Amino acid sequence: MAQKDKKAKYRENEKIIENRELNIWEALIPVFVLVAMLAYNVYVFGDDALSGSNQFILLLGGAVAAIVGFFNKVSYKRMLAEVAENVRSTTGALLILLMVGALSGTWLVSGIIPAMIYYGLQILNPTIFLAACVIICAIISIATGSSWTTAATVGIALIGIGEALGISLGMTAGAVLSGAYFGDKMSPLSDTTNLAPAMAGGELFSHIRYMALTTIPTISITFLVFIIIGFTIDTNGVADTDAILNTIGSTFNINGWLFIVPIVVILLIVKKAPPLLGLLVGTLLGGVFALIFQPDIVARIGGGELLDFTSGYKGILNAITVDTAIETPDPALNDLFSSGGMAGMLGTIWLIVCAMVFGGVMDGIGALERITKSLLNMAKTTFGLFASTVGSCLALNVTASDQYLALVVPGKMFSKAYEERGLAPENLSRTLEDSGTVTSVLVPWNTCGAYHSGVLGVAVGDYFFYAIFNWMSPFMTLLFAALKIKIKQLAVPARA
């Protein structure tokens, strides 16, 4: 009882900082400057902007906000205190990101991810090829947590198969990206899936469960449409995946026992086990299965020729912590069979910390409170608030040209507004993903649009219409909001 009262008291004392001397235009100055700097930075650096320059731009945005604060009599101590509180609030999310990197490493070397790819490729059939593309890419993207990796590996192979069957490249690319972004959204290994709840103030697996409410209907409609398209177009030839299957089979020991590990993790998620516990169990089991089923691979990663205690220990720890690459006879698969481990998550962690600095200064000077009030005044209804969030995410994908920024900036700006409206953070994190993550690939000059069109060799304009899941997701989240379906309210804290 004492613990519950303590948490309730903490929530009651957690207030939005108000600054009556700050007007709405002053509050928006840091936002406008930040978006302009980010847009130019992405224009200059392209995909490399995520390597650190965007993070520094977020810090510069915080500096601009601090200058506005100084002109409005806000102390440096107050701003720094809010930054510290913001960073502290993301501790759980940062630890989860590190464990996600660890899990992806052991799942690679154990053969779990390759097994998912191996069995997924075998469901191809010319008549249902497009629908099969959705399923295969969804499975692989869930397993890897990356739509980029999925498109650059299996996506390229599927484009070639589709072309051999006489299917439009735009159709195939649309199916590939629909499945890839479904998996990217729903995978706990995905950086955007971790980033969205971190920005909204929510929890990873609660976010995934709540996001499924809009995502499952959207992917179901997408799948149905591609089945119908498949029966209305003429195909010729045979989907030849023998070379890829043979390469995977010769590199890894593939068998059904490997699926025990993801099943255990899924059961833990369903049973609402703490996220860190589920990820830790999945990581450790992945390491054990790697030693049992892939001893040669573990030995090589550990620097030995044969598996012994030292090479096994070193191989598993390397897979968990640093870059790991498993070479195959097929160069196209080498990118797929690589993992950054915990170190690979440091870029996203860096991004979150810098975003918290910007958000903390904005909160400390009272800008978020002023923007929140203006948003609530314009968004008279809950639907209006959801629509404003969707519009902001789309606008940032077009102007700032990066999906991460389309999650970070609206996430920090709108979190207070959702709290004021009495809405749980899952509403915001779901809307961020439904409108920020998935639509980035529909903008030619966005980093995601430029990347995928370049990798697949298909122009954005050619696959735009067929990327059904991507453009339908924002409409689905607005439909749920308009009909007031599953709009989660904030729990009323217990009082002493």
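Here is a short tour of a predicted model, one selection at a time.

**The whole chain**

Start with everything shown as a cartoon. You'll be looking at 25 helices and two strands. The chain has 496 residues, and buried ones make up 55% of them. Now think about contacts between residues with a separation of 6 or more: 78% of these join residues 24 or more positions apart. Switch on the surface, and about 20600 Å² is exposed, with carbon and sulfur atoms supplying 66% of that area.

**A nonpolar patch**

Keep the surface on and select Tyr 40, Tyr 43, Val 44 and Phe 45. Together these residues make a nonpolar surface patch of about 520 Å². Zoom in on Tyr 43, which sits in helix H2, residues 24-45. Is Tyr 43 buried or exposed? Its relative accessible area is 71%, so it counts as exposed.

**Two lysines with an unusual sign**

Next, pick out Lys 73. You'll find it in the loop between helix H3 (53-71) and helix H4 (76-89). Its phi is near 65 degrees, a positive value in a residue that isn't glycine. Why stop for that? Because most residues other than glycine have a negative phi. Lys 73 is also exposed, at 70% relative accessibility.

Then jump to Lys 486, in the segment after H25. Here too phi is positive, near 50 degrees, in a residue other than glycine. With a relative accessible area of 52%, Lys 486 counts as exposed, because the cut-off for that is over 50%.

**Looking for disulfides**

Now select the cysteines and show their sulfur atoms. A disulfide is a covalent bond between the sulfur atoms of two cysteines. How many disulfides does the count come to? Zero. Take Cys 137 as an example: the nearest cysteine sulfur belongs to Cys 133 and is 6.1 Å away. A pair has to be within 2.5 Å to count, so Cys 137 is in no disulfide. While you're there, note that Cys 137 is buried, with a relative accessible area of 0%. Cys 354 is worth a click as well: it's buried at 4% relative accessibility.

**Gly 174 in helix H9**

Hide the surface and go to helix H9, residues 169-186, where you'll find Gly 174. At 0% relative accessibility, this glycine is buried. What surrounds it? Setting aside neighbours within four places in sequence, Gly 174 is in contact with Phe 226, Tyr 463, Tyr 466 and Ala 467. Try a distance too: from the C-alpha of Gly 174 to the C-alpha of Val 134 you should get 8.9 Å, although the two residues are 40 apart along the chain.

**Helix H23**

Select residues 447-456, which form helix H23. Seven of its 10 residues are buried, so this helix is largely enclosed by the rest of the structure. To see which ones, color Thr 447, Cys 448, Gly 449, Tyr 451, His 452, Ser 453 and Leu 456. Just after the helix comes Gly 457, with a positive phi near 70 degrees.

**Last stop: Ser 473**

Finish in helix H25, residues 468-482, by selecting Ser 473. Its relative accessible area is 1%, so it is buried. Which backbone oxygen lies 2.7 Å from a polar atom of its side chain? That of Phe 469. Beyond its neighbours within four places in sequence, Ser 473 is in contact with Lys 185, Thr 218, Asp 434 and Val 438.

Key. Residues numbered from 1 in each chain as written. Predicted model: local features only at pLDDT ≥ 70, side-chain atom pairs only at ≥ 80, totals over all residues. Heavy atoms only, no water. Buried < 20%, exposed > 50% of the residue type's maximum accessible area, 1.4 Å probe, protein only. Helix = DSSP H or I, 4+ residues; strand = E, 2+ residues; numbered from the N terminus. Patch = residues over 30% accessible without salt bridge, like charges linked within 9 Å, V, L, I, M, F, W, Y side chains within 5 Å. Areas by Shrake-Rupley, 256 points an atom, 1.4 Å probe, with all protein chains shown as cover. Salt bridge = Lys/Arg side-chain N within 4 Å of Asp/Glu carboxyl O. Contact = heavy atoms within 4.5 Å. Polar contact = N/O pair within 3.5 Å; in protein donor to acceptor, adjacent residues only side chain to side chain.
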